[in-house]
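Subject: Structure handover

Dear colleague,

Please find the structure below, together with its sequence. My notes follow it, and I would be glad if you read them alongside the coordinates.

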Amino acid sequence: MTETVVKKEKKVVDSIKKRKIKSETSPTKKMKKEKDSKKPSKNGAKKEIKDEVKEEFKDEVKDDDSSNSDDENDDTFKWWENTDDMDGEVKWENLEHNGVLFPPEYEPLPKNVKLYYDGKPVTLPKEAEEVAGFFGALLESDHAKNPTFQKNFFRDFKEVLQESGGCPDADIQEFSKCDFSKIFQHFDKLREEKKALPPKEKKKIKEEKEASEEKYKFCLLNGRKEQVGNFRIEPPGLFRGRGAHPKTGTLKRRVYPESITLNLGKDAPIPPPPAGHQWGDIKHDNTVTWLAMWKENIMGSVKYVRFSQNSSFKGMSDFKKFEKARELKKHVDKIRNDYRSKLKSSLMIDRQIATATYLIDVFALRAGGEKRDDEADTVGCCSLRFEHIFLKPPSTVIFDFLGKDSIRFYQEVQVDTQVFKNLKIFKKDPKKPGDDLFDRLDPSILNKYFQEFMPGLTAKVFRTYNASKTMQDQIDLIPNEGTVNEKVVAFNAANREVAILCNHQRTIPKAHQAGVQKINEKIEEMIWQKIKLKRIMLQLDKTMKKKELEYFEEIDDLTKEKEMEIVERWSQKELDRISKKFEKDKEKLKFEKKELSPEDYKVKSTEIKEDHKKKLESAKALIKQYKSEAKKQKYEEKSTYTAEKLKAQIDKLEERIKNTSLQLKDKEENSTVSLGTSKMNYIDPRLTVMFAKKFNVPIEKLFTKTLREKFAWAIESADADWKF
DNA sequence: CGGATAACTTAGTAGAGGTAAG
DNA sequence: CTTACCTCTACTAAGTTATCCG
């Protein structure tokens, strides 16, 4: 632990040094190229002509584009071919869309499914029943066991109950007397039924859903078709706040058209509101990029309907975000020198600014704005408190706090000695647990400081910069060799470094431990098979061992005891599997019984029994053979065996063992680290594209379909020698 | 100026969907 | 073909930052 962090500290110093060297050398070809790509209009003559043509047929750009693509109906707007006029207050000229999709009306529970109060079934008004249903559906989740969740839910449930006329059968006052299990079972049954639907039926339902949503999926932006993101209005439910959120469990009320504001072009037709309803408001604000909004009732915040991730707006702002992070490269030396010197400033505010900047730069902390007390108590850099850091002389700091999403940030690190001294000062005497470490700071002060060095520079840019920088450095270390699979693993390892830097975590999957054990057993069994084959090879020809000593070395790794253990385990699994299959078949037949004639049933029944018997017998024979082989340490030879054939089989096993081991390693190392977030938000996608091209890895192995769409601009603009 | 708010990005997770193993 | 598992997408909560407003 300590070691990696020491490295981290060193890395910063190193990269400061490196930067210096780089910036002192003469302007490189790369820099020139960068400059050019920023001003495409000053590119070669050919490009200029193309742009002119485009200008002339501005209204027909769509046609022009689709004509030069023969595989798909590619009518995407390639904004990245000209990134000149991306800034500006006005975001669009015209915007047309079909409004938003509302969740279906509440469907009351069947008459026989009821809440039980004090042991008796009670009837609820449908409004209250809906809320009870929200809780019932979650009954087996952790939320339902959380006292805050229960308290908030029950308060709102009672409120809705009162609003809707109360319960005629009982005076519902105590949560502990409520029994939601019948409701839970009902939803559980529905889920099962839905899952068990024949594939045809499922497909049909899906298609119907697609069709009804079609018109909301797209909108017209300046006459071009663009995809809308979250056009579905959030359905009512219970607020699932993360961590110790004071409001978790609160009822999230149904959203009606009356509370929705639409934003569209002045000339755009206003989509008709659902029958019997009116839109809350209509806006024509072309300085923003949302299509609709409403105010949510829990935190009082605003929810927006926006463009989808693959839209030009999102693409452009991603592009700008990463260009800004690359811009930081040019200033980061100066900034680092500045905050290092200010660490010793006689002004307290400057010392705090310098120390906070150090933490943001080195440990990738977030800015850390103030939070209200009706939110979960989480912190970032500026909001760190006395109790969040422990100082261990001479220069060790232990961070232990909850960050965004109540994810724990726990790191024991070595810091710069002056930083250590400063932190000690910030924790000095009158300060006590609960007090702010940086009592003079908030994110806006920090950001003002950053903007002295670079316009638009803010705290979050450091995370983007350091993440992408780390990725570039890691990729540079990967040798260009091996199989595609191995290269992907290497890429993921680099990705993982970034995720660790950003503290991107995930909960360990429930089945993780069992899964690891299973894979380990599988590997063991494959090795067992392999060694057996090698031993058979030797049985066939004893002289081989002398010729290829190394090849046969491993056969001694498998002791008699170990082999017997493996055989025992394998046998057990095999028998389990066969009896399970038998049970399943019987179960299935029971189901079909009604539709079969008695004769057919009998035939099938015996068929199943026969099949089971046969399988059992052959398994038993095999087990017997393996057991005796293990005991005697001598293996049965088949007449078809030849050295070549055995060798081929062994090679195949080797390959499978290698793959499975790789898979296991990946699984272990990724169990608590989430790679997705950094891939999606922090690593410049052009790095991933560069890796794909340079290492000859299909981009599909690195970006999922949605990411390929989101990062289309990067896929089309970066090549094998692109640098962050 | 400072707190509130608007508008945007970043985040983990539930559940759908796909795929390999049996 | 089914099951089990794993990956991906959709969802929406939770951040950051700029700006508004008294």
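The notes below take the conventions first, then the DNA surface and then the nonpolar cores.

This is a predicted model, in which local features need pLDDT of at least 70 and side-chain atom pairs count only at pLDDT 80 or more, while totals for chains, interfaces and linings use all residues. Residues are numbered from 1 along each chain as its sequence is written, chains are lettered from A and ligands numbered from 1 in the order in which they are written, and side-chain values use heavy atoms, with hydrogens and water left out.

Around DNA strand C there are 30 residues, of which Lys303, Gly368, Lys371, Lys667 and Thr706 come nearest (near means that a heavy atom lies within 4 Å). Of the strand's atoms that come within 4 Å of the protein, 97% belong to sugar and phosphate. Polar side-chain atoms lie at 2.4 Å from a phosphate oxygen for Lys371, at 3.1 Å for Lys252 and at 3.5 Å for Gln451. This surface comprises 15 charged, eleven polar and four nonpolar residues, with Gly counted as polar.

Turning to the interior, the largest nonpolar core (buried nonpolar residues joined through side-chain atoms within 4.5 Å, buried being under 20% relative accessible area with a 1.4 Å probe, protein chains only) has 77 residues, and Leu328, Phe363 and Phe438 are among those that touch the most other members. A second, separate core of 28 residues includes Ile536 and Tyr626.

Best regards

Methods: A polar contact is a pair of N or O atoms within 3.5 Å; within protein, one must be able to donate a hydrogen and the other to accept it, and residues adjacent in sequence count only if both atoms are side-chain atoms. Buried means under 20% relative accessible area, exposed over 50%, partly exposed in between (1.4 Å probe, protein chains only).
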